[in-house]
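Colleague: I have not seen this structure before. Could you show it to me and take some questions on it?

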Amino acid sequence: MPTNEVTRSLHECICRPCPGGFGTFFVPPGGLLPCHSRCCPGGPPAEPPEGHFLRTRPRRLGYSPQSGRHPAQAPPLKLLFLGDNGHHRPAERFRQLQPVLSERGIEVVYTDTATALNAQTLGKYDGLIVYANTEKITPEQETALLDFVASGKGFIPLHCASYCFLNSPKYIELVGAQFLRHSTGTFRATTAAPDHPVMKGYRGFESFDETYVHAKHTEKDRLVLEYREDKKGKEPWTWVRTHGKGRVFYTAWGHDERTWGNAGFQELVERGIRWACGGDPQDSLRSSRGLNTPPQMTELRKDVAPF
């Protein structure tokens, strides 16, 4: 199919006067194109009308060219990612995930020190991701973390975070369980709560990972979203729980780059982040299509005459 036919099937074009002058336009869905673009249903005009442009409008997705906003546009989220310098290489995993989340309106800031667990620092964020094996937490850091979540913020412990801060029973309770042992394998988790907002419409994925088994389960205020199944039975794998006004999302997925680079894992984490931070997990689908970000236009150049 010719390029212009593909484009026509995705967009409908509307001619509008250019706001003024010559500009270079960025083209996300609902963005701006020069009027002589080949996406024009009638084909490119021989001479583009002076000072005109085409505004492309995605069909069936609710975008409003008049408002410049998608109705489901979510406010940006800002999270702190707490790692360490251990064998799971959190800094490398952060570099895999951060660009994906950034494109979807979620800003993540990395730190490898638990000293960030204080009220002043945590107060700058909507949620906290933990991917670390730090063994100890001070009483002051523990209080700051628990108060942060209880106040209504999001807590997203991933994989090895279930074997972090071993000296804190309250932390283990907050996570929902503690890592006990593991083997390895390639597997797919089984959905246990398909109607939960995090899981609705989620298809899952298959990856090589560590086959975590947990102990010290906190079943109070906890809902298991996924199980890992084998000959020994069903192991709780991904779950959510509440703590005060806050929400907790945990998944045992995430040993190395094979899982962190998997689009299914990235979507699951984004869904968990949005839910834990009080948002709509379904925004993960919309953001992956670029619909949570309104169209952007570069500044109009002043040194070029209109054409």
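**Helix, rings, sheet and salt bridges**

Modeller: Glu270 is buried, with a relative accessible area of 0%. The model is a predicted one.

Colleague: Which residue does Glu270 meet in a salt bridge?
Modeller: The contact is between side chains, with N to O at 2.9 Å. Both partners belong to helix H7 and, being four residues apart, are separated by about one helical turn. The partner counts as buried, at 3% relative accessibility. The residue that meets Glu270 is Arg274.

Colleague: How far apart are the end C-alpha atoms of helix H7?
Modeller: Helix H7 covers residues 263-276, which is 14 residues. At 1.5 Å a residue, the helix should span 20 Å. The model agrees with this, and the end C-alpha atoms are apart by 20 Å.

Colleague: How many of the 14 residues of H7 are buried?
Modeller: A residue counts as buried when its relative accessible area is under 20%. Among the residues of H7 that meet this are Phe265, Leu268, Val269, Ile273 and Trp275. H7 is mostly covered, and the number of buried residues is 12.

Colleague: Which residue caps the N-terminal end of H7?
Modeller: The cap is made by a side-chain oxygen, which lies 2.8 Å from the backbone nitrogen of Gly264. Gly264 is itself one of the buried residues of H7. The oxygen belongs to Asn262.

Colleague: And which residue with a positive phi follows H7?
Modeller: The phi in question is near 85°. The residue is Gly278.

Colleague: Turning to the aromatic rings, are the planes of Phe81 and Trp260 stacked, edge-to-face or tilted?
Modeller: A search of the whole structure gives 16 aromatic pairs. For Phe81 and Trp260, the ring centres are 6.3 Å apart and the planes stand at 55°. Planes under 30 degrees apart count as stacked and those over 60 as edge-to-face. The angle of 55° falls in neither range, so the pair is tilted.

Colleague: How many residues apart are Phe81 and Trp260?
Modeller: Phe81 is in strand S4 (residues 77-82), whereas Trp260 is in helix H6 (residues 257-260). Both residues are buried. The pair links distant parts of the chain, and the separation is 179 residues.

Colleague: What is the angle between the ring planes of Phe94 and Tyr110?
Modeller: Phe94 is in helix H2 (residues 90-103) and Tyr110 in strand S5 (residues 106-111), 16 residues apart. Their ring centres are 5.2 Å apart. The pair is tilted, with its planes at 45°.

Colleague: Is Tyr110 buried, exposed or partly exposed?
Modeller: Phe94, at 13% relative accessibility, counts as buried. The upper limit for buried is 20%, and exposed begins over 50%. Tyr110 has 25% relative accessibility, so Tyr110 counts as partly exposed.

Colleague: Which residue lies over the face of Trp239?
Modeller: There are charges over rings here: one is Lys234, whose charged end sits over the ring of Tyr227, 4.5 Å from its centre. Over Trp239, the distance from the ring centre is 4.6 Å. The residue there is Arg222.

Colleague: Which strands stand at the edges of the eight-stranded open sheet?
Modeller: The sheet has the order S5-S4-S6-S7-S15-S14-S13-S10, with mixed pairing. An edge strand has a single partner strand, so one side of it is left without a neighbour in the sheet. The edge strands are S5 and S10.

Colleague: In which sense do S7 and S15 pair, parallel or antiparallel?
Modeller: S7 covers residues 154-157 and S15 covers residues 246-251. Gly154 stands opposite Arg247 in S15. The two strands pair over two bridges, and the sense is parallel.

Colleague: Back to salt bridges: how far apart are the closest N and O atoms of Arg258 and Asp256?
Modeller: The whole structure has seven salt bridges. In this one, Arg258 is partly exposed, with a relative accessible area of 45%, whereas Asp256 is buried at 10%. The closest N and O atoms are apart by 2.5 Å.

Colleague: Which residue is linked with Glu92 and Arg93 in a network of salt bridges?
Modeller: Glu92 and Arg93 form a salt bridge, with their closest N and O atoms 3.6 Å apart. Glu92 counts as partly exposed, at 33% relative accessibility, and Arg93 as buried, at 6%. The other residue in the network is Glu257.

Note on methods: Residues are numbered from 1 along each chain as its sequence is written. This is a predicted model: local features need pLDDT of at least 70, side-chain atom pairs count only at pLDDT 80 or more; totals for chains, interfaces and linings use all residues. Side-chain values use heavy atoms; hydrogens and water are left out. The expected span of a helix is 1.5 Å times one less than its number of residues. Buried means under 20% relative accessible area, exposed over 50%, partly exposed in between (1.4 Å probe, protein chains only). A polar contact is a pair of N or O atoms within 3.5 Å; within protein, one must be able to donate a hydrogen and the other to accept it, and residues adjacent in sequence count only if both atoms are side-chain atoms. Rings of Phe, Tyr and Trp (its six-membered ring) pair if their centres lie within 6.5 Å; planes under 30 degrees apart count as stacked, over 60 as edge-to-face and the rest as tilted. A charge sits over a ring if NZ of Lys or CZ of Arg is within 6 Å of the ring centre and within 35 degrees of the ring normal. Two strands pair if DSSP finds at least two bridges between them. A salt bridge is a side-chain nitrogen of Lys or Arg within 4 Å of a carboxyl oxygen of Asp or Glu.
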